[in-house]
Amino acid sequence: CEIAGKQKEIEAHKLAEVEAEKKKNADLKIETADLAGVSAQIATDDPEDDACFSAWAVVGDVMVEATSRKLLEQMIIAVKSGSADASAEAREHLTRIGQLTNGGGDMLIYFNGVKFLELGQKALAEAEKAKKAGDKDAMAAMGITPQVIMNTLGVQELQAVAFTMEMQDGQMRSDFTILHPEKPSGLVSLMRTTANEVALPVFIPGDVLQGGVTRYDFGKFYDGLMGMIMKLGPMAMMVTMQIPQFEQQLGFKIRDDFFGSLEDEISTIQDGALDKQSQVLAFKIKNADKIGGALESLKRYVGAGFGAFEESDYLGYSVNTLKLSQTSSAASEMAYCNTGKHLIISIGAPSTLNKVLSRMKDPSGPSIWENAQVQKLLAAVPPNYGSATVADVGSMISMLATAASTLEAQNAGKKKEAAQKKGPGKKAAAGDAAASGSMLDSSAIPPKEVFQRYFGRMLGTQYSHPDAVQVHYLVIPPEE
């Protein structure tokens, strides 16, 4: 990665990593070696072994790191030559990734999908040759071979995958990018949004952990999935024959009556504590009559043997909660609500569902999009996105810190109790005594508002380019 004049800080960080590892491995030492004319630092407990804990060197303004001396030397040579023996294909990939990600950023992790496919096919061919003549393969007998599965998933369409990160002017942006041919038909096609513009729903509350909206056509998803299944050969006939029978039992057609009655817009909301998460999915409705009939049929089908729906009222909305058994917990509770404009599915405690329905009834107060920092993020990201998601990073970190402290306190209590059971006159082992105390002081963890002040929120947006799927994340520190 490019270090942009921060060599001292990065080297100090590497030395601190080695010192921390020395507590586990006292034999670990740092030696200096000349690799390809560059001074390299190697942290190892065996000077004769090629593998090491860490090895790094600075070539110009680029730092390279590896866990092998030979690999580090190869990387140094590649950086010095400026070519790294990259193929024309890889250079084309990297050029396109740079165009999409503002030059590639400070860090780039790149996988050449074409090369991986070649290696995978070679491995499959060798495995096929190694098979004995008498070996039986039930799946292969039905025409489902590894090659057929790869063709079904459209693995050959996965041309390249890249993760980039850039930190500049107080901002941190990262991008996950998949390059593919135009008009893909495999698994990649199911990752694409159906439009490059979204309306930000006002019913997403401003105080939830995460909320977002995506343009996604579930009818096309169904068509794409069936198209992939049809590539399975004789096995596809078995699947397609079962679907009409299942639809007859349901009482509606999955593609036309259910997915076809939904618009290409879905909103997601997540909230709650770490151990009591609840999630709401809100599908925009295209045909209220058809989706209503499909839902009634689904209620009858589920009630015939899987459970029963219990109907209740909330602010004039009819909420149907699935009751599978008397022992179902709130975490596994599931409900749906057809408002006429949205089909809402709730998983977990009903608190988040109630928040959403309250805002649908009366959208007073700020939504998740009206937060000052979120407004700044929305203005900073590239336009024409088909998905936008806001995450309250501060609250998430606060939640994880509290959970870690609670878990450690519980473990420390159990170890202390075990030590006490050894009885009087018996000394506890040094490890037991050390472990009985907690390293995290729950009383020292600042309130959620402090984490929010320093970490704020993150915005994720997705773009469906003709030849790529790109997920873009942006973090801007909150203003004081």
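This is a guided tour of the model, stop by stop, with a suggestion of what to select at each one.

**Before you start**

The model is a predicted one, in which local features need pLDDT of at least 70 and side-chain atom pairs count only at pLDDT 80 or more, while totals for chains, interfaces and linings use all residues. Residues are numbered from 1 along each chain as its sequence is written, and side-chain values use heavy atoms, with hydrogens and water left out.

**The whole chain**

Colour the chain by secondary structure, and you should find 15 helices and 17 strands; these are DSSP runs (H or I of at least four residues for helices, E of at least two for strands), numbered from the N terminus. Of the 480 residues, 36% count as buried, where buried means under 20% relative accessible area, exposed over 50% and partly exposed in between, with a 1.4 Å probe and protein chains only. Among contacts (heavy atoms within 4.5 Å) between residues at least 6 apart in sequence, 62% join residues at least 24 apart.

**The sheet S1 to S4 and its helix**

Select residues 29–35 and 62–68, which are strands S1 and S4, and then add the strands that complete an open sheet of 4 strands in the order S1-S2-S3-S4, with antiparallel pairing; two strands pair if DSSP finds at least two bridges between them. S1 and S4 stand at the edges with a single partner strand each, so one side of each is left without a neighbour in the sheet. Neighbouring strands here are turned by 25 degrees against each other on average, direction ignored. Axes are lines fitted to C-alpha atoms, for helices over the stretch in contact, and angles run from 0 to 180 degrees between N-to-C directions.

Within this sheet, S2 (residues 38–44) and S3 (residues 51–59) run antiparallel and are joined by 4 bridges; isoleucine 42 has alanine 55 of S3 as its bridge partner. Now show helix H1 (residues 7–22), which packs on the sheet and touches S1, S2, S3 and S4, with its direction at about 170 degrees to that of S3.

**The largest nonpolar core**

Next, select Ile344, Leu357 and Trp369, which touch the most other members of the largest nonpolar core, a group of 30 residues. Such a core is a set of buried Ala, Val, Leu, Ile, Met, Phe, Trp, Tyr and Cys residues joined through side-chain atoms within 4.5 Å. Among the elements that each supply at least two residues of this core are strand S10 (276–285), helix H12 (372–380) and strand S16 (457–465), and the largest share, 4 residues, comes from H11. Around tryptophan 369, the contacts beyond four places in sequence include Leu200, Ile204, Val374, Leu378 and Val390. Another core, of 27 residues, lies apart from the largest one and has Ile229, Leu232, Ile254 and Phe283 among its members.

**Aromatic rings**

The whole structure holds 11 aromatic pairs, that is, rings of Phe, Tyr and Trp (its six-membered ring) with centres within 6.5 Å, called stacked when the planes are under 30 degrees apart, edge-to-face when over 60 and tilted for the rest. Select phenylalanine 218 and phenylalanine 283, whose ring centres are 5.4 Å apart and whose planes stand at 65 degrees, so the pair is edge-to-face. Phenylalanine 218 belongs to helix H7 (residues 218–229) and phenylalanine 283 to strand S10, so the pair ties together parts that are 65 residues apart in sequence. Phenylalanine 218 is buried at 18% relative accessibility, as is phenylalanine 283 at 10%. Both are in one aromatic cluster, together with Tyr216, Phe221, Tyr222, Phe252, Phe258 and Phe259.

**Serine 346**

Move to serine 346 in strand S14 (residues 342–347), which is buried with a relative accessible area of 3%. Leaving aside neighbours within four places in sequence, serine 346 is in contact with Gln279, Val280, Glu333, Met334, Ala335 and Leu353.

**The last strands**

Finish at S16, where 8 of 9 residues are buried. S16 pairs with S15 in the antiparallel sense over 6 bridges, one of them linking serine 387 to glutamine 462 of S16. S16 also pairs with S17 (residues 468–475) in the antiparallel sense, over 8 bridges, and threonine 461 has histidine 472 of S17 as its bridge partner. S16 and S17 form a hairpin with 2 residues between them.
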